[in-house]
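Here is a short report on one protein model. Please keep the sequence and the structure in view while you read.

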Amino acid sequence: LVLHDLFGGQLLEAEVHFSDGSRQGYHYWNRLAGIDVDLTREQFTRHEVVQEPHVIDRLPEFPWRAQEQYLIFRERVHAALKMKTAGGLTAP
């Protein structure tokens, strides 16, 4: 979601299944300019299979399960980008 905040693009959602076919949960990532950007796919083991994704609308603002973690992470990323910009570097 932080990438989506910064760059827009599309949000993708896919079910994740265990190798026995039962559902493990869901996985989300971004599509920017037609390229999938998935910074967390490595969290899944070889026994967890990410299914075909579909484009979703932005998740509801509040409340949702990981809201607090998202807000903390978003603030840290924005602070880090401001530090880089203030030092003369261009933010990514």
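The sections below go from the overall layout to single residues.

## Overall layout

This is a predicted model. The protein chain holds two helices and five strands. Read from the N terminus, the order is α-β-β-β-β-β-α.

Of the 92 residues in the protein chain, 21% count as buried. The exposed surface of the chain comes to about 6800 Å². Carbon and sulfur atoms supply 56% of that area. Look next at contacts with a separation of 6 or more: residues 24 or more positions apart account for 52% of them.

## The nonpolar core

Which residues form the largest nonpolar core? There are six: Leu-12, Ala-14, Val-16, Trp-29, Phe-44 and Val-50. Strand E1 gives the most to this core, with three residues. In soluble globular proteins, nonpolar side chains tend to be buried together.

Val-50 is a good residue to trace. Setting aside residues up to four places away in sequence, Val-50 touches Ala-14, Val-16, Trp-29 and Phe-44, among others. These four are also listed in the core. Val-50 touches Glu-15, His-27 and Arg-41 as well.

## Glu-13, a buried acid

Glu-13 sits in strand E1, which covers residues 10–18. Is Glu-13 buried or exposed? Glu-13 is buried, yet it has no salt bridge. Arg-23 is the nearest side chain of opposite charge, and it is 9.0 Å away. A salt bridge needs a nitrogen-to-oxygen distance within 4 Å, so this pair does not count as one.

Glu-13 does have a polar partner. Its side chain makes a polar contact of 2.8 Å with the side chain of Tyr-28. Beyond residues up to four places away in sequence, Glu-13 touches Tyr-26, His-27 and Tyr-28. It also touches Glu-52, Pro-53, His-54 and Ile-56.

## Salt bridges

How many salt bridges does the count come to? The count is three. Side chains of opposite charge can pair when their charged atoms come close.

One bridge joins the side chains of Arg-23 and Glu-15, at 3.6 Å from N to O. Glu-15 is partly exposed, with a relative accessible area of 28%. Another joins Arg-31 and Asp-36, at 2.6 Å. Arg-31 counts as partly exposed at 24% relative accessibility. Asp-36 is partly exposed too, at 39%. Arg-41 and Asp-38 also meet in a salt bridge, at 3.0 Å. Here Arg-41 is partly exposed at 34%, whereas Asp-38 is buried at 19%.

## Asp-38 and its surroundings

Asp-38 lies in the loop between E3 and strand E4, which spans 48–50. Why is Asp-38 classed as buried? Its relative accessible area is 19%, and the class needs a value under 20%.

Asp-38 has polar partners in both backbone and side chain. The backbone nitrogen of Thr-40 lies 3.1 Å from a polar atom of the Asp-38 side chain. A polar contact of 3.0 Å joins the side chains of Asp-38 and Arg-41. Leaving aside neighbours within four places in sequence, Asp-38 is in contact with His-27 and Trp-29. Trp-29 is also one of the core residues.

## The end of E1 and the loop after it

Phe-18 lies in strand E1. Phe-18 is partly exposed, with a relative accessible area of 35%. Phe-18 and Glu-48 are 30 residues apart in sequence, but 4.5 Å apart in space, C-alpha to C-alpha. Apart from neighbours within four places in sequence, Phe-18 is in contact with Arg-23, Gln-24, His-47 and Glu-48.

Ser-19 lies in the loop between E1 and strand E2, which covers 23–32. Ser-19 is exposed, with a relative accessible area of 59%. Ser-19 and His-47 are 28 residues apart in sequence and 5.0 Å apart in space, C-alpha to C-alpha.

## A positive phi at Ala-33

Where is Ala-33 found? It is in the loop between E2 and strand E3, residues 35–37. Ala-33 is exposed, with a relative accessible area of 82%.

The backbone angle deserves a check. Phi of Ala-33 is near 50°, a positive value in a residue other than glycine. Most residues other than glycine have a negative phi.

Methods. Residues are numbered from 1 along each chain as its sequence is written. This is a predicted model: local features need pLDDT of at least 70, side-chain atom pairs count only at pLDDT 80 or more; totals for chains, interfaces and linings use all residues. Side-chain values use heavy atoms; hydrogens and water are left out. Helices (H or I, at least four residues) and strands (E, at least two) are DSSP runs, numbered from the N terminus. Buried means under 20% relative accessible area, exposed over 50%, partly exposed in between (1.4 Å probe, protein chains only). Contact means heavy atoms within 4.5 Å. Accessible areas come from the Shrake-Rupley method with a 1.4 Å probe; for residues, only the protein chains shown count as cover. Lys and Arg count as positive and Asp and Glu as negative; His and the chain ends are not counted. A polar contact is a pair of N or O atoms within 3.5 Å; within protein, one must be able to donate a hydrogen and the other to accept it, and residues adjacent in sequence count only if both atoms are side-chain atoms. A nonpolar core is a set of buried Ala, Val, Leu, Ile, Met, Phe, Trp, Tyr and Cys residues joined through side-chain atoms within 4.5 Å.
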